[in-house]
Every structure is written in structure tokens, then in C-alpha cells.
Amino acid sequence: MGISVAEPGEGRKTTGGIDFDVRLAPAQFAPMSRIGLIAGNGRFPFLALQGARNLGHDVTIVAVKEEAFPDLEDSARSAGADFHWVSLGQLGKCIKILKAAGATRAVMAGQVKHVKIFSTSVIPDLTLLSVITRLKARNTDALISAVAELMRHEGIELLDSTAFLQPLLASEGILTERMPNAEEHEDFAFGYRVADAIAALDIGQTIAVKLKAVIAVEAMEGTDEVIGRAGRLAGAGVRVVKVAKPKQDMRFDVPVIGIATIQAMRTAGASALSIDAERTLVLDGVHVFRSANEAGIAIVGRPRKEQRAG
């Protein structure tokens with residue numbers, strides 16, 4: 001069914017309103033230590049917190065106040081994790097908090113809207129300003145890569161953001177009850193070439209197609225907005241292709257879908273979705289596929305070997 005998770009009540013805990021299998025955890029992170037969690041919006045940070053705590057790690061959360069859900073603080077308290085709020089431009093404060101806590105490894109979990117990263121309303125501190133002034137390109141990958149390098153220099157290694165959520169990575173093949181029909185397969189094949197090219201340019205990860213025509217391309221607005229725009233432009237029958245970047249750095253900006261993605265597709269009348277297996281997080285687990293099944297939406301996981309390599 002796309003990801004290996006237990007049914008509700010079988011070895012599961014609920015965090016942030018989402019079931020998460022506590023029995024499945026990556027063995028390579030067995031040694032306990034303090035983990036820093038840099039939290040953006042969505043349920044990703046809740047799940048990363050639970051995954052790290054399930055392995056016995058102490059966790060220090062640094063939450064971006066412009067993005068993170070307010071109830072993350074309550075979840076942190078319940079999980080026995082330290083919690084701090086910072087503004088989006090306060091990179092120096094973030095690093096100072098993690099170093100004071102003794103965290104030598106950290107994960108980034110949750111979206112920070114790209115448009116906010118480059119907004120004039122964000123006031124960078126001296127640490128972030130020093131990073132920005134050295135950038136050769138003003139795109140998300142360049143900025144976050146530079147931040148990761150600075151953190152490494154400060155003694156904090158950024159981990160794969162899926163490190164504690166391996167069970168929620170999409171599998172390959174048909175993930176729903178309904179298989180894509182011939183027309184949808186053709187649109188996927190057409191869409192992969194375009195989506196891979198767009199992702200390689202660090203423009204976006206998602207496109208919407210219909211009858212081998214590109215209807216909408218993601219830039220800074222996000223997947224759900226792209227789906228909605230495609231529905232308004234082309235009506236029912238849109239197919240959605242979401243890909244990882246050819247040189248996807250799994251430490252940040254990993255492709256994510258959830259219940260909200262399926263809700264956006266249902267509203268737009270989109271009929272099928274392709275995601276990249278092993279490199280896309282399905283945050284709401286089996287609930288995503290159940291919702292898709294109810295709507296008759298087909299979801300497929302593009303095999304790793306068919307994805308564009310960097």
C-alpha cells in the first residue's frame with residue numbers, strides 16, 4: 001500500500017493528529033545522542049520529533065515562528081524535548097541554541113515557503129547575512145547548502161531529513177486500488193521529461209499535465225497551489241507529476257505529499273499522481289492512499305532506476 005506501516009492500534013502512536021509506526025526505526029541511528037530539530041510548517045516536524053524520541057534521542061527543537069505550527073511547542077513538552085522559537089532570519093541564534101544544547105547533529109523538518117526565504121520582510125542577522133553575501137545564485141538549494149556548510153563548520157552536521165521517517169518514504173509501483181489508464185500513463189511519460197528538467201533547474205518539483213500539454217508549473221507557490229491552478233485552467237482530468245531533483249540533497253527540500261495534496265487534487269478534479277519512490281515522503285501514511293481510493297485517484301511511485309540521475 002505504498003509504505004510499510006501498521007494498522008491503527010498496532011504498535012502506533014499518534015503525534016500531531018497523525019499515526020506513526022513506532023516499531024520501525026533506522027538501526028544506523030541506534031546510538032543515543034542529542035538531536036537538533038529545525039522546524040518549519042506542516043506535520044513533518046511532529047513526526048521527526050516522535051521518530052527521534054522513539055530511538056531514545058534527546059531533542060532540542062528550534063522552530064521558525066513564521067512557519068511552525070503553534071501546537072508543536074505542546075508536543076515538544078509532552079515528548080520531553082527542549083523548545084525554542086526563532087525568527088526566520090536568525091541563523092546565528094539557531095546555531096547558538098543547538099551548540100549550547102550539545103547537539104552535534106540536526107535535521108531540517110517542515111516547509112519554509114520559498115517566497116518567505118527571499119522576502120524583504122525577513123531581516124537576516126549577521127550570520128545569515130554573511131552566508132547570503134557569498135551566494136553565487138539566489139535559489140533555495142544554494143542558500144540551504146551554504147547554511148548546511150556553515151553549520152558543519154560550527155560542529156553541527158545536518159542529517160538526511162528522512163532519517164527518522166524511513167517507513168514513510170513511498171514505495172515503487174501502483175500505490176492505490178486503481179491503476180492509471182493508458183492516457184494517464186502517456187501523460188506521466190510526457191510529464192517526467194518536463195518535471196525532471198524543471199527540478200534540475202531548481203525551479204520547482206511539480207507540474208500538472210493533461211493530454212500531453214503542460215498546464216501548470218510549480219515555482220515558489222507550492223504543490224497544492226499548482227494543483228488548484230491547473231484545475232481552474234484545464235478542468236477535470238489533470239495529472240500531477242511530482243519529482244525529486246536529479247541531485248536531490250535529502251537533507252532539505254525533500255518532496256512531500258499528504259492528505260492536503262489529495263484534497264487539492266479532489267477539488268481540482270485531478271485524476272492521477274506520480275511521485276518518486278524512495279525520495280518522496282508520504283506524511284499521512286496510509287490515510288493518503290485511503291483518501292485517494294475514495295476519490296478514485298491513481299497514485300504511482302516511479303521506480304528509482306527510472307528517475308533522472310544527477
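Helices H1 and H2 pack at an angle of about 5°, and their axes lie 10 Å apart. Here helices (H or I, at least four residues) and strands (E, at least two) are DSSP runs numbered from the N terminus, while axes are lines fitted to C-alpha atoms, for helices over the stretch in contact, with angles running from 0 to 180 degrees between N-to-C directions. The model is a predicted one, in which local features need pLDDT of at least 70 and side-chain atom pairs count only at pLDDT 80 or more, whereas totals for chains, interfaces and linings use all residues. Residues are numbered from 1 along each chain as its sequence is written, and side-chain values use heavy atoms, with hydrogens and water left out.

H1 and H2 are therefore roughly parallel to each other, a label given to angles under 35 degrees (over 145 is roughly antiparallel, 65 to 115 roughly perpendicular, and the rest oblique). On the H1 side, Pro45, Phe46, Leu49 and Arg53 make the contact, meeting Leu72, Ser75, Ala76 and Ala79 of H2; contact means heavy atoms within 4.5 Å. By class, this contact of H1 with H2 has six nonpolar residues, one polar and one charged. In this scheme Ala, Val, Leu, Ile, Met, Phe, Trp, Tyr, Cys and Pro count as nonpolar, Asp, Glu, Lys and Arg as charged, and the others, Gly among them, as polar.

A further helix pair can be described in the same terms. Helix H9 (residues 259–268) packs with helix H10 (residues 286–295) at about 15°, with the axes 9 Å apart, and H9 and H10 are therefore roughly parallel to each other. Ile259, Ile262 and Arg266 of H9 make the contact with His287, Val288, Ser291, Ala292, Glu294 and Ala295 of H10. Five nonpolar, two polar and two charged residues make up the contact of H9 with H10.

Turning to the interior, the largest nonpolar core has 28 residues, of which Leu37, Val59, Ile61, Ala63, Leu72, Phe164 and Leu281 touch the most other members. Such a core is a set of buried Ala, Val, Leu, Ile, Met, Phe, Trp, Tyr and Cys residues joined through side-chain atoms within 4.5 Å; buried means under 20% relative accessible area, exposed over 50%, and partly exposed in between (1.4 Å probe, protein chains only). Elements giving two or more residues to this core are strands E3 (34–39), E4 (58–64) and E6 (105–109) and helices H1 (44–54) and H2 (72–79). H1 supplies the largest share, six residues.

Strand E4 also holds Asp58, which is partly exposed at 38% relative accessible area. Not counting residues up to four places away in sequence, Asp58 touches Ser33, Arg34, Ile35 and Arg53.
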